[in-house]
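Got the viewer open? Let's walk along the DNA, one strand at a time, and see what to click on.

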Protein chains: 2
Amino acid sequence: MASIHDVARVAGVSISTVSYALSGKRSIAESTRLRINNAVEQLGYRPNAGARMLAGTRTNIFALTAPFHAETYAPAHMAFVLAVAQASRAHDYDVLLLTQDEATSGLRRVASSRLVDGIIVLDVAADDDRVGVIRKLGTPAVFIGVPRDAEGLVCVDLDFEAAAALAISRLADAGHRAIGLIGHSPGVYARGSNFPPRFRDGFFRAAAARGIGTAFAMPERDGSSVRAAVDELYRALPGMTALVLHCEEAVQAAVMDILRERGLRVPEDLSVISACASFETDHFEPALDTIPLVAADSCTRAVELAIEQVAGPIAPRVELVPPRYLERGSIAPPAPLR
Amino acid sequence: MASIHDVARVAGVSISTVSYALSGKRSIAESTRLRINNAVEQLGYRPNAGARMLAGTRTNIFALTAPFHAETYAPAHMAFVLAVAQASRAHDYDVLLLTQDEATSGLRRVASSRLVDGIIVLDVAADDDRVGVIRKLGTPAVFIGVPRDAEGLVCVDLDFEAAAALAISRLADAGHRAIGLIGHSPGVYARGSNFPPRFRDGFFRAAAARGIGTAFAMPERDGSSVRAAVDELYRALPGMTALVLHCEEAVQAAVMDILRERGLRVPEDLSVISACASFETDHFEPALDTIPLVAADSCTRAVELAIEQVAGPIAPRVELVPPRYLERGSIAPPAPLR
DNA sequence: TGCAACTATCGAAGCGTTTCGATTGCGTTT
DNA sequence: AAACGCAATCGAAACGCTTCGATAGTTGCA
């Protein structure tokens with residue numbers, strides 16, 4: 001394995017010159033740089049990661065703490081893990097994966113052994129053990145999600161409240177006065193994942209502000225539970241003319257099946273919006289208006305903020321990514337009578 | 001941040017004594033060890049990861065190359081990633097996540113910069129670009145899955161052929177002579193993922209050996225495609241009395257729905273086995289006999305083999321994990337007439 | 001009593017970088 | 001022609017650990 005010494009020897013310069021040529025931190029004559037680059041090429045030289053970590057001030061590794069439990073919806077989770085990995089690589093950072101059983105001890109370990117420069121926190125719960133650990137550690141960290149007490153933290157997330165308000169606003173503007181919401185399973189809310197309640201509360205608040213009637217159901221994954229949820233909404237809100245889906249793909253698909261089976265046309269009989277889903281919604285029949293949860297948006301920003309923190313402290317903040325709205329024709333004015 | 005010097009000073013010994021006390025590589029007086037441990041505790045000392053990598057011969061990090069593409073079934077993928085992470089931590093190894101867009105270049109990068117001690121390869125395709133790279137690199141590596149040309153590689157995987165044969169054998173023993181197979185979507189087979197064809201071929205081979213009639217369908221994820229697949233099987237194999245499911249959770253669920261909807265009782269009218277699924281199958285109604293794909297089995301073994309390779313070269317091999325069979329009462333002798 | 005064989009400990013030499021002063025050689029300015 | 005500034009390069013000191021080869025100090029045995 002070629003070292004910087006070998007490169008220096010082949011190029012006929014000192015090792016510091018090689019280092020500066022490669023880092024660009026001091027000016028180097030064009031001809032020298034060329035010789036060095038040739039030597040690097042010829043020897044297949046790659047700087048030794050360990051030596052770099054030791055001598056330099058950074059490791060170019062982020063820890064990604066991504067717990068995974070029974071309620072986790074794997075596709076969304078994967079999408080975020082992936083987005084963090086890709087965003088990190090774009091800044092020449094690698095990603096070290098920390099899992100559930102090591103959540104807090106692992107953070108302590110990688111931070112205090114100086115294995116990572118910073119931490120990206122995924123799947124943040126309202127009361128999250130990792131918050132306390134990270135506060136103490138003082139290692140640069142970015143939360144993707146917002147814990148109840150975000151004091152002193154740097155957080156990024158989709159603005160779920162605004163997303164819910166946006167859904168309400170679009171439907172209200174179309175004339176709807178009774179809107180149902182199908183959320184995640186009760187377990188998700190119970191576990192304290194931070195975003196489902198934020199969406200739900202935003203939904204109720206925006207609806208109340210516009211004097212709109214609401215109903216809310218939290219089905220499990222299975223078909224019969226979804227069926228019951230739809231029934232429940234119609235019972236609780238007999239004049240319901242619009243539905244907001246804030247749930248997993250399988251549940252959304254089941255809802256669409258049930259509507260079809262009951263002869264309810266979208267959007268003629270019922271307007272439907274899919275909100276904050278991290279999966280594609282254009283394969284539904286019909287395609288649904290969507291307020292997407294774009295993993296790359298939050299993750300890219302999170303990585304940027306982490307990089308900034310590696311360079312030096314930044315002000316704590318909660319950055320909420322504004323929701324977007326994709327029109328696909330699944331909302332219409334309510335039918336005059338049903 | 002406390003260094004080994006600080007520990008040595010506080011304990012009143014030299015740094016080499018501290019190092020030996022912590023690594024256990026030379027004998028240290030009990031009293032000295034105690035003083036050192038106290039100092040470590042008191043200072044909250046953690047060895048610097050970079051220094052360790054540089055001075056020692058290993059980094060205690062494995063690269064996990066886990067591509068993710070359109071055909072990837074996220075829950076299974078997650079299960080494997082997680083299992084690798086957990087098995088690695090059990091041996092004091094961390095896991096660096098490499099994604100699709102960096103598949104080969106990332107491997108080269110982390111291996112030749114000596115950032116990782118070894119590589120765990122997930123989601124192996126029959127013809128996988130990573131195989132060639134890894135052969136050249138000479139870095140310890142373990143494939144979870146078996147590429148077409150496994151010459152010189154260390155591979156671990158569930159024995160999918162044996163699993164298929166086991167399914168056939170159980171059904172044949174119960175008296176079935178016409179067995180259908182519902183596989184993954186055509187895209188999965190086309191992409192060259194290694195295990196679906198292995199299962200399929202094992203299925204046909206075992207059936208042929210016992211003179212059993214077969215039919216095979218590859219539905220997409222959506223309900224209508226699954227419905228068509230079931231129809232296709234019954235058309236191709238009118239006397240079909242048993243069904244083997246080797247597909248995603250949603251498809252298996254859809255199949256069960258369709259059977260119910262057609263008034264086909266399991267196992268009275270149709271015996272069903274769920275084969276090589278990495279998800280729980282006991283929530284289906286009725287619960288299905290299952291040959292599970294246990295991520296932890298393969299991953300634990302893979303990590304062990306990686307560790308062995310870090311210590312020194314081992315013989316190339318393909319280790320196939322024998323399938324297990326979970327009885328849940330979803331197979332019965334075929335009905336005398338239909 | 002002397003010497004071999006341990007045991008417990010120490011000192012120092014790396015490991016491969018980065019980075020902080022030099023130092024050298026030129027073209028400019030006065 | 002002396003003095004200066006700047007660009008290009010070098011040498012050496014860290015960084016924090018592991019590990020090899022000494023060196024005392026003890027024990028055991030002849």
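Start by selecting H2(B), since this helix gives the largest share of the surface near DNA strand D, four residues. Keep in mind that this is a predicted model.

Now widen the selection around DNA strand D. You should pick up 27 residues, with A:Thr17, A:Thr32, B:Ile4, B:Arg26 and B:Tyr45 the closest. On the DNA side, 53% of the strand D atoms within 4 Å of the protein are sugar and phosphate. Colour the protein side by class and you get 13 nonpolar, ten polar and four charged residues. Helices H2 (15-23) and H4 (49-55), from chain A and from chain B, each bring at least two residues to this surface.

Zoom in on some contacts next:

- B:Tyr45: a side-chain N or O atom sits 2.6 Å from a phosphate oxygen of strand D.
- B:Arg52: its side chain also has an N or O atom by a phosphate oxygen of strand D, at 3.2 Å.
- A:Ser16: here the side chain is 3.3 Å from a base oxygen of strand D, counting from an N or O atom.

Hop over to DNA strand C. Which residues are closest here? Select A:Ile4, A:Ser19, A:Arg26, B:Thr17 and B:Thr32, out of 29 that surround the strand. H2(A) has the largest share of this surface, with four residues.

Click A:Ile4 and look for a polar backbone atom 2.6 Å from a phosphate oxygen of strand C. A:Ser19 reaches a phosphate oxygen too, with a side-chain N or O atom at 2.7 Å. Finish at B:Ala55, where a backbone N or O atom lies 3.5 Å from a base oxygen of strand C.

Note on methods
Residues are numbered from 1 along each chain as its sequence is written. Chains are lettered from A and ligands numbered from 1 in the order in which they are written. This is a predicted model: local features need pLDDT of at least 70, side-chain atom pairs count only at pLDDT 80 or more; totals for chains, interfaces and linings use all residues. Side-chain values use heavy atoms; hydrogens and water are left out. A residue is near a molecule or strand if one of its heavy atoms lies within 4 Å of it. A polar contact is a pair of N or O atoms within 3.5 Å; within protein, one must be able to donate a hydrogen and the other to accept it, and residues adjacent in sequence count only if both atoms are side-chain atoms. Ala, Val, Leu, Ile, Met, Phe, Trp, Tyr, Cys and Pro count as nonpolar, Asp, Glu, Lys and Arg as charged, and the others, Gly among them, as polar.
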